[in-house]
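Hello,

Here is the structure I promised to pass on to you. Have a look at it first, and then read on for my notes on what turned up.

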Amino acid sequence: MTSPLSEPRPSFLLDRLTPAQRAVATTLGEGFRAAGHDLFLVGGIVRDALIPRDLPADLDFTTSAIPEETKALVEHANPAAVYTIGERFGTIGAIFGDPSDRVDAEITTYRAEHYPDETRFPTVRFGVSLDDDLSRRDFTSNAIAADPLTGALHDPFGGEGDIAQGLLRAVGDPDERFDEDPLRLLRAARFVSQLGFAIDRETEVAMTRHADALDRISVERILAELTQVLTGDYVAEGLETLRRTGLLESAIPELAPLAAEAGMESRRREKALWDHTLRVVSQTPPRPAVRWAALLHDAAKPLTRGYDPDGEVNFIGHERVGADLAGRALRRLKADRTLAADVRQIVEMHGRPTAYEPDWTDSAVRRLALEAGPVWDDLLDLAAADVTSAQEYKQTRAAARIAGLRHHFDRLQEEAALDRLQSPLDGEDLKRLFNRPPGPWIKSLKTYLRELVIDGALSQGDTATAEALAREYLAANPSL
Ligand code: ATP
Ligand code: MG
């Protein structure tokens, strides 16, 4: 069961593993070899090492051993836990190490998938070769096997060359690949967004042909891939891939009006809406809620477009209608309640922070922050990213408003925190302790002790030290 491997090179891959990952790779590699089985690292870890980029935490392996044998060999390697929920599909999972330094490994038997009809579930066939196993994988960059002991590569589909060119290419016939499993369509956009790869032409043409097939996969899986597209470093390219191929409309029909206009080159202003959306998404931090909100924030503009008497375009109420669209989209995709509610809220309020003026009262700022509640930071991040005017003075002015609002709120927070800092001894305590009638000495002492608390020299609960300090203070200030 050996396969021809390339010459071992100074191991680009093994050297990049963490010591804990490397230990797992070595132990498993030796154990499987001693039992007469092949074992290879495969998938993200090999791809990301070749790019090179930060490696994923998890190790994916492929092996000639059948799941039962894999389980025995893995148990022999002293894992913290073994899980077998994927056994039917050939996968044994294991967790190695202690919680602070854990390594998750998934070891899957060489397998081929057979798709009898258009149902969601392929039948799995074991007992195939390494090459057969690699040929059922989605993209050439994900279909490279690496020996866990030497780092030598086995790359029958030219994945290394494609990685060097930053190219995502389906393994074999792209139409067959996407027909077998439409999730691969979204995985392609996800890899564009995460890796910055371009999609091979033939692969992209096939994606466009299969865009409608998304209805064959579960909405949970669609949502998970879309969120990964949204949080990638090259999110604009990822989203543009979705739009160009028709996948965006297919996955999020609520964005169809925005996406459709982007295709109409002649209508300058409308095309600008989609380009604006891409810029805004790219300028937000890569957190799911704010990125989803950025994608959907102007979704209702094409539906609410109106014209002022002077001919100026307006989009009255697009925030409210947009919030409804966002809520509907995320409910359909079965997003958890918090994400759906947060995105709705951010979209609905997205225009509010730009109305800020430096003369806003503290209570106006507090009311806005209270209304935003848990999405306050996301809201400010979206509002700041939403400033994409081509006119520099407008851009500067709007950015200054958001920054002003942020500072105003931060100042209120600091003041509130200060207000909570008090002298460990109040007036009653002091009167009792010193057995004196009330007078200016109390205020003076409380101020002295509170300053020490603010400085961090005295803790608010430390009444004993406070009392000693108060005595010293009074002794040093006999006039009080
Ligand atoms: P990540 O860094 O996100 O883990 P990955 O490429 O490792 O990326 P996984 O979902 O962990 O992605 O899958 C591991 C490997 O299994 C992939 O690299 C690919 O070879 C194969 N694979 C996963 N999902 C599919 C699929 N839907 N169709 C074909 N091959 C797939
Ligand atoms: Mg992986």
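Please keep in mind that this is a predicted model. I'll start with the ligand, since that is probably where you will want to begin.

**Contacts to ligand 1**

Asp 60 has a side-chain N or O atom 3.4 Å from an oxygen atom of ligand 1. Arg 137 also reaches the ligand through its side chain, where an N or O atom lies 3.1 Å from a ligand oxygen. With Gly 44 the backbone is involved: one of its N or O atoms is 2.9 Å from an oxygen of ligand 1. As for burial, ligand 1 on its own would expose 590 Å², and the protein buries 75% of that.

**The site around it**

Ligand 1 occupies the space of the largest pocket. Two elements, α2 (44-50) and α7 (183-195), each give two or more residues to the shell around the ligand. Which of the elements gives the most to that shell? The answer is α7, with 4 residues.

In total, 13 residues surround ligand 1, and the closest are Gly 44, Arg 47, Asp 181, Arg 184 and Arg 190. If you are thinking about electrostatics, the make-up of the shell may interest you: 9 residues are charged, 3 are polar and 1 is nonpolar.

**Domains**

The domain assignment splits the chain into domain 1 (1-165), domain 2 (166-251), domain 3 (268-418) and domain 4 (427-476). Domain 1 and domain 2 each supply at least three residues to the shell around ligand 1. The centres of domain 1 and domain 4, taken over C-alpha atoms, are 67 Å apart.

**Two backbone details**

Most peptide bonds are trans, and most residues other than glycine have a negative phi. Two places here are worth a glance with that in mind. The peptide bond from Ile 51 to Pro 52 is cis, with omega near -10°, and Pro 52 belongs to the loop between α2 and β2 (59-63). Asn 78, which is not a glycine, has a positive phi of about 65°. You will find Asn 78 in the loop between α3 (67-76) and β3 (81-83).

Happy to talk any of this through whenever suits you.

Best wishes

Key. Residues numbered from 1 in each chain as written. Chains lettered and ligands numbered in written order. Predicted model: local features only at pLDDT ≥ 70, side-chain atom pairs only at ≥ 80, totals over all residues. Heavy atoms only, no water. Domains from an automatic or database assignment. Near = heavy atom within 4 Å. Polar contact = N/O pair within 3.5 Å; in protein donor to acceptor, adjacent residues only side chain to side chain. Areas by Shrake-Rupley, 256 points an atom, 1.4 Å probe, with all protein chains shown as cover. 1 Å grid on protein atoms, 1.4 Å probe; cavity = no way out; pocket = protein on both sides within 12 Å on 5 of 7 lines; lining within 4 Å. Sits in = over half its atoms within 2 Å of the grid points. Nonpolar A, V, L, I, M, F, W, Y, C, P; charged D, E, K, R; others polar.
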